[in-house]
Amino acid sequence: MRAAQAGRMRTQLTGMLVLTALGAALSASAGFVEQSSMRVGTTTTPLKAWCDAPQGVVALGAFVIPGTGAASGVTSLTVWPKTRRGLGSPQAAQVRWGPSDAGAGNVYWPLTVLDGARKGQAGFLHTSNVENVQDPAYRMTHVNEIKLGGDVYRCRYVPQAAFLGVTAKRTVIVWDNGRTATYATRNFDGTPGVYVTGGQRIDFGTETGWGYEFTTTDGYRYTVAQGDFVPNPHMRLDVFKGRKAALYEPFVAYTVSRPATD
């Protein structure tokens, strides 16, 4: 009798240990969740992918069609030419995307532009199925390139960034190690960017208000944040010198990556 009870206890304990180990493994592999968006005018919309390339910024609207299992469809294409003076006016079109083709660590989606100046051009979206947020080693999915006709846009990739975005004048990168954050810029006009460490996450306590704040010893304060209590919240870069606003730039396209357990 006692032997049978001991056996059942060992079995229960083994099961508990297995479940505990499984839970720890799932937690360790939870990784990150990323969300990409673009803003044109006063409207913010979700993106499938976007690309910060040397010659321009390219954004592809979301491929997901709610309530369907569609393997192809039509979405938006927006291209901003990039010069040393900043981003030019957005060029918008509709693009048809086709079924993905995965292999050898890569995923391709064929694209065909349906209207606008690039009407009839064929191309593709190329991402990695290795360097992506499904693997906890990467905080962002690698968008390798977007091809439109004869133009190939090779994309900036910062695998451990918590935020990557572009304004009309610069690229902004934020790293977050869970304790402090680091802010850096890459200016389109070639002038030196800014690098600030010791930043902190700021949370307004609502679903719409969230971001990062950085301060410098010479009195500047940088915030990369999504506005609070607004009908259409969007990410923006604000710079203050003391209490005076020194710079305000909305983000044209951006990706936010947060721990899956947030």
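# Reading a strand-rich model

Modeller: Let's start with one residue: A92 is exposed, with a relative accessible area of 61%. Exposed means over 50% relative accessible area, buried means under 20%, and partly exposed is in between (1.4 Å probe, protein chains only).

Biologist: What kind of model is this, and how are residues numbered?

Modeller: This is a predicted model, in which local features need pLDDT of at least 70 and side-chain atom pairs count only at pLDDT 80 or more, while totals for chains, interfaces and linings use all residues. Residues are numbered from 1 along each chain as its sequence is written, and side-chain values use heavy atoms, with hydrogens and water left out.

Biologist: How many helices and strands does the protein chain have?

Modeller: Both are DSSP runs numbered from the N terminus: helices are H or I with at least four residues, strands are E with at least two. Here you get 1 helix and 20 strands. A92, for example, lies in strand β6. A92 is 24 residues from G116 in sequence, yet their C-alpha atoms are 7.1 Å apart in space.

Biologist: And the chain as a whole: what share of its residues is buried?

Modeller: Of the 262 residues, 40% are buried. The accessible surface (Shrake-Rupley method, 1.4 Å probe; for residues, only the protein chains shown count as cover) is about 14,100 Å², and 56% of it belongs to carbon and sulfur atoms. As for contacts, meaning heavy atoms within 4.5 Å, take those with a separation of 6 or more: 38% of them join residues 24 or more positions apart.

Biologist: Which residues touch the most other members of the largest nonpolar core?

Modeller: The general idea is that in soluble globular proteins, nonpolar side chains tend to be buried together. A nonpolar core is a set of buried Ala, Val, Leu, Ile, Met, Phe, Trp, Tyr and Cys residues joined through side-chain atoms within 4.5 Å. The largest one has 21 residues, and V58, L60, L77, L111, L125, I146 and L148 touch the most other members. Elements giving two or more residues to this core include β2 (43-53), β3 (56-61) and β8 (106-113), and β8 makes the largest share, with 4 residues. Apart from this core lies another of 18 residues, among them Y222, V224, L237 and V256.

Biologist: What does I146 touch?

Modeller: Leaving out residues up to four places away in sequence, the contacts of I146 include V58, L60, L111, F124 and L125.

Biologist: Now strand pairing. Which strands run antiparallel to β20?

Modeller: Two strands pair if DSSP finds at least two bridges between them. Strand β1 (residues 32-40) is joined to β20 by 7 bridges, antiparallel, with E34 opposite S257. Strand β12 (residues 161-166) also pairs with β20 in the antiparallel sense, over 4 bridges, and there G165 has Y254 as its bridge partner. In β20 (residues 253-259), 5 of the 7 residues are buried, so this strand is largely enclosed by the rest of the structure.

Biologist: Is S37 in β1 buried or exposed?

Modeller: S37 lies in strand β1 and is buried, at 5% relative accessible area. Beyond its neighbours within four places in sequence, S37 is in contact with residues including T44, P46, V252 and Y254. S37 and F251 are 214 residues apart in sequence, with C-alpha atoms 9.3 Å apart in space.

Biologist: How many aromatic pairs are there?

Modeller: A pair of aromatic rings is described by the distance of the centres and the angle of the planes. Rings of Phe, Tyr and Trp (its six-membered ring) pair if their centres lie within 6.5 Å; planes under 30 degrees apart are stacked, over 60 edge-to-face, the rest tilted. That rule gives 10 aromatic pairs. F63 and W109 are edge-to-face, at 6.1 Å centre to centre with 75 degrees between the planes. F63 sits in the loop between β3 and β4 and W109 in strand β8, so this pair ties together parts 46 residues apart in sequence. F63 is buried at 6% relative accessibility, and W109 is buried at 13%. For F163 and Y254, the centres are 6.0 Å apart and the planes at 25 degrees, so that pair is stacked. F163 lies in strand β12 and Y254 in strand β20, so the pair ties together parts 91 residues apart in sequence.

Biologist: Where does the charged end of R221 sit?

Modeller: A charge sits over a ring if NZ of Lys or CZ of Arg is within 6 Å of the ring centre and within 35 degrees of the ring normal. R221 has its charged end over the ring of F240, 4.3 Å from the centre.
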